[in-house]
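Trainee: Could we go through this structure together? I would like to hear the reasoning behind each label.
Mentor: Gladly; have a look at it first.

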Amino acid sequence: MGIIDSVGTACRRLPATLFSTHRDAELAPVQVRVTLIALYSIVIVSLLTAPYNIVMDLREEEYFLAFTQLLYLGILISGLISFWYSGQVRVIRSSFTFAVFILIAGIGVGGGGVRGLGYLYIIGSYGVLFLILGRLGAMIVPALVFLAALLNIVFANYGPISYLNDPEFAVRYLIVIGVASSLGAVTAYYQHQVFRYFYHLAYTDETTGLANRSRFEARLDRQILKQHRLEFPGFSLVGLKLLDFARINTFHGSEYGDALLSELAYRIQTLCGNHGVPSRYSGTVFLCLVPWTEPYELEDFGRKLVESVQRTFSRGTQSVSVQALASVTIYPKDGDSGAKLIANLMGSFVHLRDYPGFVAFFDENLYRLEAHRYAVVQQLRGAIENQELTLRFQPKLLVEDGSCRGAEVLLRWKNSILGDIGPDVFIPLAEQAGFINDITRWVIRTAVTAVERVYRELTADVLGHGFVHAINLSPLDLGDPDFPDFIAGILENTDLPAGALEFEITEGVMMDDNPAIQRSLECIRQHRFRLAIDDFGTGYSSLSYLHRLRIQNLKIDKSFVAGLSEENPDSPVIDAMLAMARSLNVETTAEGIETEFQKDYLNERGCTFGQGWLYAKPLETESYIAWLKEKARSGN
Ligand code: C2E
Ligand code: CA
Ligand code: CA
């Protein structure tokens, strides 16, 4: 059973072993495969017939003929072995070419073989000759065969038992060889045409006539192989990305877009000249393989590419100019395989999407950063479902007397692969990736449930008046057209009063005239939830907008509070913010209070609430409730 199994496995692996090749840019993969099939067939036929012929030759004392047949077999087999070793189809093709010419010479000099029929073996291979010898070789060989047979007959150069001794047979034999050889040459020619047509279809970009992605990748692999075998000075890839090309197709039509593309391809090709190999890698990306590795040369080339592509294009009455950016990867510094070089080059385009006209070099650190961000986003997508998100409550106290008045709800994420990741990192990523809305809804629902528990577990006198829990919103939440419905739905599912919840928004949304944002804000106000401006003073605020927004609370960013100390005992900015809030009749919350000094300063100037490590760090629900109870018990 064991033996049968291993024979089975070996048989299954055999095709992979026999046909394993390096990619060759000059041959289509299907051509490589049929070429190898043709070669293996010829090797098998040769192994079956040549030994018999050699014995016949030796018996008739045709030593030269026997020697050339032996040489033919030897060259063929060593070609095969070096192909298995190198994976280069070219190796086996050249060794066969050499072997076949030796064979023709041998048969010709040896009088056409012992019986004069030696050429028939070569005529038998005309059908596949093109695959191995190419067009020229496959047309020359029939001519040579006919010539050799003609010379044999004209000079009556043949052995004693040759059929050619019969003059009538000799003439007919020559005619047959002539017909077969002419058709053989024609066959080679049309096979060449057919392959060329399919090759063109498969490997050329139809619009621009440049090499397409497959051809370029094969060319790149070949370059790397060359680099390994012979020590070339190195090479690089320069990529060019057209920006916003879809607009041109939309507003000028796809025919116009195609004409523009082929003009751009022409410009790129002209710049590459004899140095570079240009290709259209994808719809709006062109890649050039260039022989330089010095950054100043590459930068110069990249800049010229961008400039030439950005030059205005006119056709008929319409003129357009496209924007583009370039990026560079150098072999082997930025990738030791074609796939890696291209992936890194494409990665640079992603970082650079906002910098038209720029020539970027692949940056390993930037790549790692992007890869990390990507991994974070991938994990974050499953965070809610995998129950990896939790909430913390950071108590908010009246600065005046230190009594608790609620908390800010802060989100935490612990991922099984990436560990703890702070909201400062993952919230912006969730915003970019477009799923902050789901996260916010989860936060609001979970926070409401937790706050209900706080209300259940604490007595009314502890909760007192104005116990408020604040939830952070992203501008993207407010911009979500379904958000007003969601807000309205909150109160349907809870007994909490609307005033028990506050939404913290950033200054930016004040100025945003997006109607969806304005509708969400209006809905929050209508349902009598509280509104707070978060991180006040860090963005561009406008007094008139602040007034119009009708907020209840203004949160002084912790960066201003952090600046207060015994050495630095004054903050005109905080003073101004507090004064302004008072005149607008708005409560204030100072964030990030860490010292008594800061607390006293804020108290003296009438700041309403404070939160910070001086009072408490963000706490889990259990600890938060315990903290509240302990505070109530100790009476402060
Ligand atoms: P933020 O809204 O300004 O939140 C206050 C941040 O200051 C919190 O960081 C909090 O842990 C930290 N902090 C509190 N007291 C102190 C202190 O005394 N000293 C110092 N140095 N820091 C203090 P955290 O929790 O890492 O949150 C960072 C930011 O992430 C938040 O800034 C907020 O913008 C965002 N964020 C957190 N949770 C959510 C959420 O549920 N939704 C949204 N959209 N954003 C959230
Ligand atoms: Ca906040
Ligand atoms: Ca804040």
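**Labels and the values behind them**

Mentor: Let me start with Gly273, the residue that follows helix H10 and has a positive phi, near 50°. Helices here are DSSP runs of H or I with at least four residues, strands are runs of E with at least two, and both are numbered from the N terminus. This is a predicted model, in which local features need pLDDT of at least 70 and side-chain atom pairs count only at pLDDT 80 or more, while totals for chains, interfaces and linings use all residues. Residues are numbered from 1 along each chain as its sequence is written, chains are lettered from A and ligands numbered from 1 in the order in which they are written, and side-chain values use heavy atoms, with hydrogens and water left out.

Trainee: How do you know that the span of H10 agrees with what its 19 residues should give?
Mentor: The expected span is 1.5 Å times one less than the number of residues. For H10 (residues 254–272) that gives 27 Å, and the end C-alpha atoms are 26 Å apart, so the two agree. Among its buried residues are Tyr256, Leu260, Leu264 and Ile268.

Trainee: What makes strand S13 largely enclosed by the rest of the structure?
Mentor: Buried means under 20% relative accessible area, exposed over 50%, and partly exposed in between, using a 1.4 Å probe and protein chains only. Six of the seven residues of S13 (residues 530–536) are buried, so the strand is largely enclosed.

Trainee: Which strands does S13 pair with, S12 and S14, and how do you know?
Mentor: Two strands pair if DSSP finds at least two bridges between them. S12 (residues 501–506) is joined to S13 by five bridges, running parallel, and S14 (residues 553–556) pairs with S13 over three, also in the parallel sense. Ile533 of S13 stands opposite Ile505 and opposite Leu554 in S14.

Trainee: Why is the contact of Asp300 and Lys304 called a salt bridge?
Mentor: The term requires a side-chain nitrogen of Lys or Arg within 4 Å of a carboxyl oxygen of Asp or Glu. Here the N to O distance is 3.1 Å, and by this rule the count comes to 28 salt bridges. Both residues lie in helix H11 (residues 295–310), four residues apart, about one turn of the helix. Asp300, at 38% relative accessibility, counts as partly exposed, and so does Lys304 at 39%.

Trainee: Is Arg525 buried or exposed?
Mentor: Its relative accessibility is 14%, so Arg525 counts as buried. Glu522, its salt-bridge partner at 3.1 Å, is partly exposed at 31%. The two sit three residues apart in helix H20 (residues 515–526).

Trainee: Which salt bridge links distant parts of the chain?
Mentor: Arg453 and Glu622 meet in a salt bridge of 3.1 Å, N to O. Arg453 lies in helix H15 (residues 436–457) and Glu622 in helix H25 (residues 621–634), 169 residues apart.

Trainee: What makes Gln394 a polar contact of ligand 1?
Mentor: A polar contact is a pair of N or O atoms within 3.5 Å; within protein, one must be able to donate a hydrogen and the other to accept it, and residues adjacent in sequence count only if both atoms are side-chain atoms. A polar side-chain atom of Gln394 lies 2.8 Å from a nitrogen atom of ligand 1. For Arg412, a side-chain N or O atom is 2.9 Å from an oxygen atom of the ligand, and for Asp535 the distance is 3.3 Å.
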